[in-house]
Structure formats: C-alpha cells, structure tokens
Number of protein chains: 2
Amino acid sequence: MTSIIKNFPGRHHDHAACIESALEQAVTLCRERGARLTPLRRRVLEIVWESHAPLGAYDALQRMNAGGERNAPPTVYRALEFLLEHGLIHRIESRNAFVGCTTPGNSHKAQFFICRDCGNVAETHSEEIGEAIKASATRTGFLVEKPVVEISGRCLKCHDDE
Amino acid sequence: MTSIIKNFPGRHHDHAACIESALEQAVTLCRERGARLTPLRRRVLEIVWESHAPLGAYDALQRMNAGGERNAPPTVYRALEFLLEHGLIHRIESRNAFVGCTTPGNSHKAQFFICRDCGNVAETHSEEIGEAIKASATRTGFLVEKPVVEISGRCLKCHDDE
DNA sequence: TTTAGCTTTGCTATAGTATAATATATCTAT
DNA sequence: ATAGATATATTATACTATAGCAAAGCTAAA
Ligand SMILES: [Zn+2]
Ligand SMILES: [Zn+2]
Ligand SMILES: [Zn+2]
Ligand SMILES: [Zn+2]
C-alpha cells in the first residue's frame, strides 16, 4: 500500500504557519543545546524562511539591511554558519544558497527537489536513496561522509500550468 | 553474482593513458557532431584531465597562462562551457570545479564520489540511485530534469593510509 | 560587583567565482 | 572574394565567500 504523497510546498499553503513553526522549533532546539539564538541569528533564520526557495547570502543581506542597517557580508555568513551547524537550515550547493530545514534537530541526510519555475524546494529523507548511494559507494571503494543530492526539475503545480 | 568493483582511480594507474583516451574520444566525438574542438578547447580539456580531481576554472586559467599567455576568465569559461555542452567534462557543483567525463558521448546521469584526502573523483552511473531518485520524486510530486549527486567522503586508499 | 575569559558582532579589506558587453579574428560556404 | 556564422580577445563588473582584527556583550568565578 504505497500512497501518492505530494509534499511539494503548495502555492496557497499557510506559510505564516511554516515560519512560526520553524522559529518555535529553533528556539526550543537552541535552548535544549544551550546555543544562543541571538536576535541577529533569529532574524536571518526568519529571512531564509520567507519562502521555500533557496536564498543567497547576499539576498539575505539585502533583506537585513532593507531598513537602512549596515550589516556587512561576514555578519550574514556567520549567522548562516550558526544556523547550518545547528541544522536549522541547509545549504543548496548547486545554487550557492540556503533554505530552511523542515525537520531541524534530528541530524539527517536530506535530498532536495528544486523547481526551476517557482524556485521552491521540497526536502525529503529517502532511506532508499541513501541505501542506493551506500551500495554504489561500496562497489566503488568509497566511504560516504557527506552526500549531496539536489534534483532540479519542475514541481507538478508548475508543470500543470504550462 | 555481484563482484566487488573498486573503480576509484588508483594511485599508480597509467594516467597518461587516461589523458590520451579522453582526448581521442573527444576528437572522435566532435568530428561526429561537427563540433569544433579548437586548440584552445582541446588544451582546456587536457588541463582538466591532468588529474582525477576537480579543477577550478581559475586554476585551469593559471595552467593555460603558465607559459606567459594572457588569457582572461571568459576564455576559459567559454571553453569549459563548450566541453560541458558536449559532455566531455562534468561540473562538480559542490566544489565549483570541473572534472573530465569518463564516458563521454552517451548522455548520462552520473554520480560523483569525491575523496576529501586525495581529491580524486570516481564517476558512476548507478541505475539504482536513478530509480530511487525517480521514486522519491514521484512521491514528492516532482519531475526530475537534472539530478546532482555528489558524495564527499574518502576513497579506500586514503582510508587505509591513515 | 568587579574582573577575566569567552562569544558575538562590527568593520575593512581581499580572495575567489562567474558573466556582460563589445570588438576583433577566424572559419565556412557560397 | 564575400557574407554570415562562429570563436576568441579584452575590459569591466557582478556575485560569492573569508581573513583579520577591534569593539561590544555575555557568563561565571572571585
Ligand atoms: Zn510554507
Ligand atoms: Zn532538513
Ligand atoms: Zn587517470
Ligand atoms: Zn560522465
């Protein structure tokens, strides 16, 4: 019994709830770990979560400075580094950009589906892909440490539109 | 009967043969397609093939200019673009770098295993990984166009060394 | 509560990666 | 030979990321 699940972020979903949930989880998680989710870091997380599309560091910087602030690149990069370390965001290597993690806390190996039209990303955690990579690695004579799986294509919504 | 294959480039393999083979295949393939493998493009391919480690565009540029030439970035980027278009090299997204394709000609979806110690890359073409990605995409509501699979870790040679 | 040590942020400069735009040269096919 | 297409040269600039050091803020021990 395998049901068809469409977990690509819908166009009209309650995104305010996404943001709120992400921030709440971040607060909880950082408290548990004794990590300091400073206002700056929290603000960057909020900015990354403004959409489900990967956001570049300099785009985040622009948003941070939209009110006339004068933050410099190292500031946003350091905040992003903190968020990465604590698994609150993921880096999308093929875009040099960052996206909020949908299941922060539990360290995990994720795969990313990135729509070339709407830009949105779906994060999955497929055991099957992980196992296939592991098997291929074994045949190749290789020990997996950090798998990067980023699939570009189109989400169904955008495909249906054309 | 699944034998253990170790296709990571060995430390003492005949790399001159790798280079020669790659260049020969490139010549053949470009002739077949009526694509112009100019001396410049051929030279860049040769430079990318100097090792099995991904090479950055600016590193390639330095090699091109080692004899006092004055090539500028667009020159090497255009050559790399040509080589990519014809499947003679692959771009490694997670490194912003390029590596020679081991099976040029037949368009293919490849996975890359990248050793963090020796830097070498093994290119594989696992149906299993492709299928697992396809299945996950279907569940996610997504149409795959360009899968990026880049696995960082250690090759057995480097692991055995430590 | 002061002090010392650590963490975070501010700031400047610079390194590294990639492309836009335009001019010139070279090749291909009449 | 000439026109059109393709490839290369050159300059400038955009985009991405980090090094290094100073200042500010937090924490815990004395
Ligand atoms: Zn949302
Ligand atoms: Zn995640
Ligand atoms: Zn070789
Ligand atoms: Zn290949």
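These notebook entries record what I looked up around the two DNA strands and two of the zinc ions.

**Ground rules.** I am working with a predicted model, in which local features need pLDDT of at least 70 and side-chain atom pairs count only at pLDDT 80 or more, while totals for chains, interfaces and linings use all residues. Residues are numbered from 1 along each chain as its sequence is written, chains are lettered from A and ligands numbered from 1 in the order in which they are written, and side-chain values use heavy atoms, with hydrogens and water left out.

**DNA strand C.** I looked up the residues near this strand (near meaning that a heavy atom of the residue lies within 4 Å of it) and found 17, of which A:Thr38, A:Arg78, B:Tyr58, B:Tyr77 and B:Arg91 come nearest. Of the strand's atoms that come within 4 Å of the protein, 51% belong to sugar and phosphate. I then went through the polar contacts (pairs of N or O atoms within 3.5 Å; within protein, one must be able to donate a hydrogen and the other to accept it, and residues adjacent in sequence count only if both atoms are side-chain atoms). B:Tyr58 places a polar side-chain atom 2.6 Å from a base nitrogen of DNA strand C, whereas B:Tyr77 has one 2.9 Å from a phosphate oxygen of this strand, and a side-chain N or O atom of B:Arg91 is 2.6 Å from a phosphate oxygen.

For the elements I used DSSP runs numbered from the N terminus, with helices (H or I) of at least four residues and strands (E) of at least two. Helix 2 (39–48) and helix 4 (73–85) of chain A, together with helix 4 (73–85) of chain B, each supply at least two residues of the surface near DNA strand C, and the largest share, 4 residues, comes from helix 4 of chain B.

**B:Tyr77.** I noted that this residue sits in helix 4 of chain B and that it counts as partly exposed because its relative accessibility is 39% (buried is under 20% relative accessible area, exposed over 50%, partly exposed in between, with a 1.4 Å probe and protein chains only). Leaving aside residues up to four places away in sequence, B:Tyr77 touches B:Ala57 and B:Tyr58 (contact means heavy atoms within 4.5 Å).

**DNA strand D.** Here I also found 17 surrounding residues, the closest being A:Tyr58, A:Tyr77, A:Arg91, B:Thr38 and B:Arg78. Phosphate oxygens of DNA strand D lie 2.9 Å from a polar side-chain atom of A:Tyr77 and 2.7 Å from one of B:Thr38. Helix 4 of chain A gives the most to the surface near this strand, with 4 residues.

**Zinc ion (ligand 2).** I took as donors N, O and S atoms within 2.8 Å of the metal (3.2 Å for Na, K and Ca); water is not among the atoms, so sites may look incomplete. A:His90 (NE2), A:Cys101 (SG), A:His108 (NE2) and A:Glu123 (OE) coordinate this ion at 1.7 to 2.3 Å. The arrangement is irregular because the 4 donor atoms subtend angles of 99 to 136°, where tetrahedral requires all angles among four donors to lie between 85 and 135 degrees; four count as square planar and six as octahedral if opposite donors are over 155 degrees apart and all others between 65 and 115, and anything else is irregular. A:Cys101 is buried at 3% relative accessibility, while A:His108 is partly exposed at 24%.

**Zinc ion (ligand 3).** B:His13 (NE2), B:His15 (ND1), B:Cys18 (SG) and B:His52 (NE2) coordinate this ion at 1.9 to 2.3 Å. I recorded the site as tetrahedral, with angles of 104 to 112° among its 4 donor atoms.
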